[in-house]
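User: I would like to go through this model term by term and see what each label rests on. Could you set each value against its criterion as we go?

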Amino acid sequence: MILVIKNDSQKRQLDNLVSWIKSLGLNVYMSRGENSTILGIIGDTSLVDVDLIRSLDIVETVKRISEPYKKANRKFHPDDTIIESSSARFGGKNFAVIAGPCSVESEEQIVSIARDVKKAGATALRGGAFKPRTSPYAFQGLRADGLKLLLVAKEVTGLPIVTEIMSVTHLDLFRDVDIIQVGARNMQNFELLKELGKLDVPILLKRGLANTIEEWIMSAEYIMSEGNARVILCERGIRTFEHYTRNTLDLSAIPLIKELTHLPVIVDPSHASGLARLVAPLSLASTGVGADGLIIEVHNNPEKALCDGPQCIRPQQFSDIMDRIRVILPLVNKEMCF
Ligand code: PEP
Ligand code: MN
């Protein structure tokens, strides 16, 4: 980290700053020029609060040289991390597709969709049991009963299940869940992330509605710093000024994440656009930019869906998308995993 010190600063202020930085266990190298003084800070600067330093009277500018995340950083782990859950594999050459309804509505619904998506080549089944809804009057999910129905669908099809946790108080109920999803709204629920970090279960960490890539990776770091290295990132669109789509899919995040971290990253084209007709083109584009997989909302009766019907595609449309993805995969050096 490099600090440029203001010209008019007092020696006493500078000495205080240097001894404070050293008290954090870091080394300081000082270069005094005619017009400015520069401090180079060496060591684990992830401990340093950049905003605090920037706010000091004597500091002109601060620049981080190394990223504030260590465990997720590709610099310290050059190989891709591959995360396995039953037959599903995320990362490396694998391309894994998670599919299913926004929310679990009944046994008939979830089992029927699970069978259909499995037939089309899905790797895992999604389905919300606890739903984060904007309105408290909207369908909140079948909650614990929904988790039981997901396990029935898993029993019938053998597909591992992916479902969202919203509260640490529900952890016990998620014992048999194969991949625990942290939704966009909870990406910075740090207490939840820390508890998930103590488990040995893959965590699907969605990007927050308005979070930067660095904030998102720092949330992965929260989970990893507690010991759970099995984090799968999921780009699901961010809030912009655009209203024709529900969110704006940040496709550039995919190759960037691959440079910055060794973690797998998948794309959710359903929440990114909010429109069923955009799911196919966004799925193909995501595959083309090197995503490690997709999570797609599929419903057997989208008009009657209790949640997110307008963005749910039908099983036949899902099957068509899978066929088209298989054509692209060799171009990006990946193989469909099922
Ligand atoms: C979901 O996957 O159904 C969901 C609520 O997603 P997000 O957290 O990305 O909005
Ligand atoms: Mn949804």
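User: What spacing along the chain do the donors of the manganese ion (ligand 2) follow?

Analyst: This is a predicted model, and in it the donors of the manganese ion (ligand 2) follow the spacing C-x168-H-x25-E-x10-D. The pair E297 and D308 links distant parts of the chain, with E297 in strand β14 and D308 in the loop between β14 and α10, 11 residues apart.

User: What makes C102, H271, E297 and D308 protein donors of the manganese ion (ligand 2)?

Analyst: A donor has to be an N, O or S atom within 2.8 Å of the metal. The atoms concerned are SG of C102, NE2 of H271, OE of E297 and OD of D308, and they lie 2.0 to 2.4 Å from the manganese ion, so they meet that cut-off. Water is not among the atoms, so the site may look incomplete.

User: Why do E297 and D308 count as buried?

Analyst: The label buried requires a relative accessible area under 20%. E297 is at 1% and D308 is at 16%, so both residues satisfy the criterion.

User: How do you know that strand β14 is largely enclosed by the rest of the structure?

Analyst: Strand β14 covers residues 293-297, and five of its five residues are buried, so the strand is described as largely enclosed. The burial applies to both directions: G293, I295 and E297 point one way from β14, L294 and I296 point the other way, and all are buried.

User: What makes β7 and β14 a pair, and in which sense do they run?

Analyst: Pairing asks for at least two bridges between two strands. Strand β7 (residues 94-100) and β14 have five bridges in the parallel sense, so the requirement is met. One of the residue pairs can be named, since A99 has I296 in β14 as its bridge partner.

User: What is in contact with F318, leaving aside residues up to four places away in sequence?

Analyst: F318 touches V97, A99, V117, A120, A122, I296, V298 and I313. In the largest nonpolar core, which has 67 residues, F318 is listed with V117, L125, L205 and L233 among those with the most contacts inside the core. A second, separate core of 17 residues includes M1, L3, L39 and V62. As general background, nonpolar side chains tend to be buried together in soluble globular proteins.

User: What supports speaking of polar contacts between ligand 1 and the side chains of Q181, R236 and E297?

Analyst: The cut-off is a pair of N or O atoms within 3.5 Å. An oxygen atom of ligand 1 is 2.9 Å from an N or O atom in the side chain of Q181, while a polar side-chain atom of R236 lies 2.6 Å from an oxygen atom of the ligand. For E297 the value is 3.5 Å, which is the cut-off itself, and this case should be read with that in mind. In total 13 residues surround ligand 1, the closest being R126, K131, A184, R185 and R236.

User: Why is L284 called buried, and which residues does it contact beyond its sequence neighbours?

Analyst: L284, in helix α9 (residues 276-288), has a relative accessibility of 16%, and the limit for buried is under 20%, so the label applies. Leaving aside neighbours within four places in sequence, L284 is in contact with R324, I325 and I328. The C-alpha atoms of L284 and I328 are separated by 7.7 Å, although the two residues are 44 positions apart along the chain.

User: What makes the phi of R143 and that of N333 worth pointing out?

Analyst: Most residues other than glycine have a negative phi. R143 has a positive phi of about 55°, and the phi of N333 is near 60°. R143 is found in the loop between β8 (124-126) and α4 (144-157), and N333 in the loop between α10 (315-328) and β15 (335-336).

User: Why is R143 called partly exposed, whereas D250 is called buried?

Analyst: Partly exposed lies between the limits of 20% and 50%, and R143, at 39%, falls there. D250 has a relative accessible area of 13%, which is under 20% and therefore counts as buried. D250 sits in the loop between β12 (231-235) and α7 (253-260) and touches R207, I213, E235 and I238, residues up to four places away in sequence not being counted.

Technical notes: Residues numbered from 1 in each chain as written. Chains lettered and ligands numbered in written order. Predicted model: local features only at pLDDT ≥ 70, side-chain atom pairs only at ≥ 80, totals over all residues. Heavy atoms only, no water. Helix = DSSP H or I, 4+ residues; strand = E, 2+ residues; numbered from the N terminus. Buried < 20%, exposed > 50% of the residue type's maximum accessible area, 1.4 Å probe, protein only. Donors = N, O, S within 2.8 Å, 3.2 Å for Na, K, Ca; no water. Core = buried A, V, L, I, M, F, W, Y, C linked by side-chain atoms within 4.5 Å. Contact = heavy atoms within 4.5 Å. Near = heavy atom within 4 Å. Polar contact = N/O pair within 3.5 Å; in protein donor to acceptor, adjacent residues only side chain to side chain.
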